[in-house]
Amino acid sequence: MRFLNPSNLHEALTLLSKFPDCKILAGGTDVCVQLRGGGLKPKAILNIWGLNELKNIRDEGRYITIGALSTHTDIIRSPLIHKHIPVLAKACRTIGAVQVQNRGTIGGNVMNASPAGDTLPVLMAYAADVEVTSIAGQRWVPFEGFFTGYRATVVRPGEMVTGFRIAWPPRGERADFIKIGSRKAITISKVMACFRARIEHKKIVGISIAFGSVAPVPLRLKQTEAFLMGRVLTHKTIDEAVNKLASDITPINDIRSTADYRRHCCGVFLRRFLLESLCVS
């Protein structure tokens with residue numbers, strides 16, 4: 001097995017073009033476990049941890065951009081994230097222990113393509129774009145179309161994820177990230193969700209609902225969102241939205257939870273968020 005250790009992004013992309021099927025190593029919190037367990041046996045590993053070009057969180061005018069090698073700790077500590085997308089920092093705080101947060105990256109969390117990736121529903125709810133780069137250039141992929149199935153993405157051989165961009169959230173919206181697992185800390189989620197809402201005079205004028213660990217890929221609940229848009233937020237509306245949500249998802253059964261429990265939790269999470277929004281609107 002060859003170990004490729006580029007010193008900059010251009011060198012990394014050049015090596016990736018020569019070894020398109022290599023395994024990319026960022027923080028290593030998932031890849032090293034897979035290597036040690038014997039489930040991963042690549043012919044080459046491309047170590048991109050030292051690429052400082054991909055370690056940044058910036059205000060780019062219309063967007064906030066996040067380099068793929070920004071660690072969960074970088075995101076937790078970022079004043080820009082805290083001011084404009086605090087739910088992303090909240091999600092990163094739920095990932096593993098502090099040691100994992102210090103090494104794990106947002107790019108790795110996304111490229112691992114696990115349904116239980118904690119940043120995924122947040123990026124989905126905020127309609128993020130993913131920057132995918134090769135030696136030939138870059139392309140932007142809407143997050144909603146990034147995953148093609150369980151642990152599968154649109155990234156082609158010779159390409160790598162280099163960053164994300166999120167449009168500035170409008171003022172006055174509420175947002176929250178909710179996660180439930182087998183214990184309160186250092187746990188893989190059974191269900192997690194990210195919600196965003198703008199409410200003016202009790203009327204919903206903006207709504208975004210995304211779930212993770214419910215299906216093979218993160219979900220955006222467009223039908224439930226469409227039902228809520230333009231409605232006055234009342235207890236009756238909340239009850240109807242929860243009923244609508246139940247038919248908007250087809251949860252999975254797996255080792256961590258059942259489909260019925262996941263469906264129940266999704267309804268509870270949505271009800272909690274909407275009730276809290278009703279109280280402050």
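Let's start with a pair of helices: the axes of helix 10 (residues 235-246) and helix 11 (residues 259-280) come within 9 Å and cross at roughly 155°. That angle makes helix 10 roughly antiparallel to helix 11, since angles over 145 degrees fall in that class. Keep in mind as you look that this is a predicted model. Helix 10 passes helix 11 in a right-handed crossing. To find the interface on your screen, pick out His235, Ile238, Asp239, Ala241, Val242, Leu245 and Ala246 in helix 10. Their partners in helix 11 are Arg263, Cys266, Gly267, Leu270, Arg271, Leu274, Leu275 and Leu278.

Now turn to helix 1, which spans residues 9-18. Here Leu9, Ala12, Leu13, Leu15 and Leu16 are buried. They cover an arc of only 160° around the axis, which places them on the same side of helix 1. A bit of helix geometry is handy here: an α-helix has 3.6 residues a turn, so residues three or four places apart point the same way. On the other side of helix 1 you will find His10 and Lys18, both exposed. What lies over the buried residues? The cover includes strand 1 (2-4), strand 2 (23-25), strand 3 (44-47), strand 6 (129-134) and strand 10 (160-167). Take a look at the start of helix 1 as well, where a side-chain oxygen of Asn8 comes to within 3.2 Å of the backbone nitrogen of His10.

One of those buried residues, Leu16, leads us to our next stop, because Glu159 touches Leu16. Glu159 sits in the loop between strand 9 and strand 10. With a relative accessible area of 10%, Glu159 is buried, as the cut-off for that label is under 20%. What does its side chain reach? A polar contact of 2.9 Å joins the side chains of Glu159 and Arg139, and the side chain of Glu159 also reaches the backbone nitrogen of Arg156 at 2.8 Å. Leaving out residues up to four places away in sequence, Glu159 also touches Ile24, Val132, Thr133, Ser134 and Val154, among others.

Val154 makes a good final stop. This residue lies in the loop between strand 9 (152-153) and strand 10, and at 24% relative accessibility Val154 counts as partly exposed. Beyond its neighbours within four places in sequence, Val154 is in contact with Arg139, Val141, Gly145, Phe146, Thr148 and Glu159. Finally, try locating Val132, which is 22 residues from Val154 along the chain: their C-alpha atoms are separated by 9.3 Å.

Notes: Residues are numbered from 1 along each chain as its sequence is written. This is a predicted model: local features need pLDDT of at least 70, side-chain atom pairs count only at pLDDT 80 or more; totals for chains, interfaces and linings use all residues. Side-chain values use heavy atoms; hydrogens and water are left out. Buried means under 20% relative accessible area, exposed over 50%, partly exposed in between (1.4 Å probe, protein chains only). Helices (H or I, at least four residues) and strands (E, at least two) are DSSP runs, numbered from the N terminus. The arc is that of the directions from the helix axis to the C-beta atoms. Contact means heavy atoms within 4.5 Å. A polar contact is a pair of N or O atoms within 3.5 Å; within protein, one must be able to donate a hydrogen and the other to accept it, and residues adjacent in sequence count only if both atoms are side-chain atoms. Axes are lines fitted to C-alpha atoms, for helices over the stretch in contact, and angles run from 0 to 180 degrees between N-to-C directions. Angles under 35 degrees count as roughly parallel, over 145 as roughly antiparallel, 65 to 115 as roughly perpendicular and the rest as oblique. A crossing is left-handed if the near helix is turned anticlockwise from the far one by less than a right angle, and right-handed if clockwise.
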